[in-house]
Amino acid sequence: MFGTQVIKNAAQEALALELHWLQRCRQGDEAALSLVIDKHRNRLVRTASNILRDRHEAEDVSQEAFIKAFNELGRLRDDRAFSSYLYRICVRLCMDRLRSRRAEPAEFDSAEGDAGTSVENRLLIEKLLNELTPELRTTLVLREMEQLSYEEVAEIMRVPIGTVRSRLHTARERFRRLWTDATGETR
Amino acid sequence: MSWKFPVRTQNPEAPSVGEADGLDDLFSEVVRSAAIRDVEVSSNYNKRTIRRFRVDSKETVRYLMPLLTGAAIAALGIFGLVEILSKRDQIQPLSNTGMEVRRDVSPGLRFPSLEESRSVDRVR
């Protein structure tokens, strides 16, 4: 009970601090811009890396997301929504990159995996993810890799929860079929 | 024509609902295993982002400048048109009805007189 209260207070303090930084960002304060970037950059780069499977492109996209968000700061009605707004921009930019990339041959560079996953498996998973449409792939990544709730995925992708469920089902189904075709095993 | 209950036409190779859920969980695990958990961003990430933001803001202004100039000129034009229309009745109409052209013969036409005592330069 006491612990929950402490966490709640800390979250409120962090939010109040961010609101203050955003006010300063509007006045063009570079220190405040840097503080806001510090707070969100790891999450953005991680999500973009999971969707795009390319660390350099992920950095580039996340920077673009920051720039767009800062440019639109004047139009933002509620500063408390900045975090989700920024995240949504980043996911959209990732999807745009995936769409433009589909015509080109796939390139992967994130073979350095977490312990427990072989490099071959990881590369295969990345190759199979590339076979999915940007919408299916992004939904699958946000749900499985980023472990977001259905509601959060729906809010970020601006689609109804039913669409998230159906996309997720289709994505899993397709991924399973591709995996079986590629490895000959059904696990 | 006989009607068949849809379940009878189910694909015999399709997994049951329970099996399908189990497989979903397994393949979710497969996808999750490839997740990137920790990322390292470049050391100059913040600086580069801020620099790009500054350049982007300047470029936006430069990009919009012709549009803004055009809008300003159009606004001035519209303002002038409105002014003219609102004061239309006060403006004298330019019409040559009731006018005539006449030769102007002034009776008191005088030429300047030259004084001989003065030098030529001064007359000029």
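**Entry 1: the loop at Gln147(A)**

I began with Gln147(A), which lies in the loop between helix 6 (134-145) and helix 7 (150-157) of chain A. The model is a predicted one, and I read every value below as computed from it. Although Gln147(A) is not a glycine, I found a positive phi of about 55 degrees there. I then looked up whether Gln147(A) is buried or partly exposed. Gln147(A) counts as partly exposed, because its relative accessibility is 48%.

**Entry 2: the loop at Arg53(A)**

I next turned to Arg53(A), in the loop between helix 2 and helix 3 (55-71) of chain A. Arg53(A) is not a glycine either, yet it has a positive phi of about 60 degrees. Its relative accessibility is 0%, so I entered Arg53(A) as buried. Buried here requires a value under 20%.

**Entry 3: the chain as a whole**

I counted the elements of chain A and obtained eight helices and zero strands. Read from the N terminus, the order is α-α-α-α-α-α-α-α. Chain A has 187 residues, and 45% of them are buried. I also looked up sequence separation: among contacts in chain A with a separation of 6 or more, 64% join residues 24 or more positions apart.

**Entry 4: Thr47(A)**

Where does Thr47(A) lie? I located Thr47(A) in helix 2 (residues 30-52) of chain A. Thr47(A) counts as buried because its relative accessibility is 1%. I then asked which side chain makes a polar contact with the side chain of Thr47(A). The partner is the side chain of Tyr87(A), at 2.9 Å. Leaving aside neighbours within four places in sequence, I listed the contacts of Thr47(A) as Tyr87(A), Val91(A), Leu142(A) and Glu146(A).

**Entry 5: Leu142(A) and the nonpolar core**

I followed one of those contacts, Leu142(A). Not counting residues up to four places away in sequence, Leu142(A) touches Thr47(A), Ile51(A), Tyr87(A), Val91(A), Gln147(A), Leu148(A), Val153(A), Ile156(A) and Met157(A). The list thus includes Gln147(A), the residue of my opening entry. I then examined the largest nonpolar core, which has 65 residues. Those touching the most other members are Phe70(A), Phe82(A), Leu142(A), Phe175(A) and Trp179(A). Helix 4 of chain A supplies the largest share of this core, 11 residues. I note as background that nonpolar side chains tend to be buried together in soluble globular proteins.

**Entry 6: the second largest pocket**

I looked up the space in the second largest pocket and recorded about 160 Å³. Which residues line the second largest pocket? I listed Lys68(A), Tyr85(A), Arg88(A), Ile89(A), Arg92(A), Leu93(A) and Arg158(A). Helix 4 (residues 82-101) of chain A gives the largest share of this lining, five residues. By class, I found three nonpolar, no polar and four charged residues in the lining. Helix 4 therefore entered my notes twice, since it also gives the largest share of the largest nonpolar core.

**Entry 7: Ser166(A)**

I closed with Ser166(A), in helix 8 (residues 161-183) of chain A. Its relative accessibility of 41% is the reason Ser166(A) counts as partly exposed. I checked its separation from Leu136(A): the two are 30 residues apart in sequence, and their C-alpha atoms are 9.5 Å apart in space.

Terms used: Residues are numbered from 1 along each chain as its sequence is written. Chains are lettered from A and ligands numbered from 1 in the order in which they are written. This is a predicted model: local features need pLDDT of at least 70, side-chain atom pairs count only at pLDDT 80 or more; totals for chains, interfaces and linings use all residues. Side-chain values use heavy atoms; hydrogens and water are left out. On a 1 Å grid over the protein atoms alone, a cavity is a set of points where a 1.4 Å probe fits but cannot get out, and a pocket is an open set with protein on both sides within 12 Å along at least five of seven lines; lining residues have an atom within 4 Å of a point. Grid points are joined across faces, edges and corners, and a volume is the space filled by probe spheres set on the points. Helices (H or I, at least four residues) and strands (E, at least two) are DSSP runs, numbered from the N terminus. Ala, Val, Leu, Ile, Met, Phe, Trp, Tyr, Cys and Pro count as nonpolar, Asp, Glu, Lys and Arg as charged, and the others, Gly among them, as polar. Buried means under 20% relative accessible area, exposed over 50%, partly exposed in between (1.4 Å probe, protein chains only). A polar contact is a pair of N or O atoms within 3.5 Å; within protein, one must be able to donate a hydrogen and the other to accept it, and residues adjacent in sequence count only if both atoms are side-chain atoms. Contact means heavy atoms within 4.5 Å. A nonpolar core is a set of buried Ala, Val, Leu, Ile, Met, Phe, Trp, Tyr and Cys residues joined through side-chain atoms within 4.5 Å.
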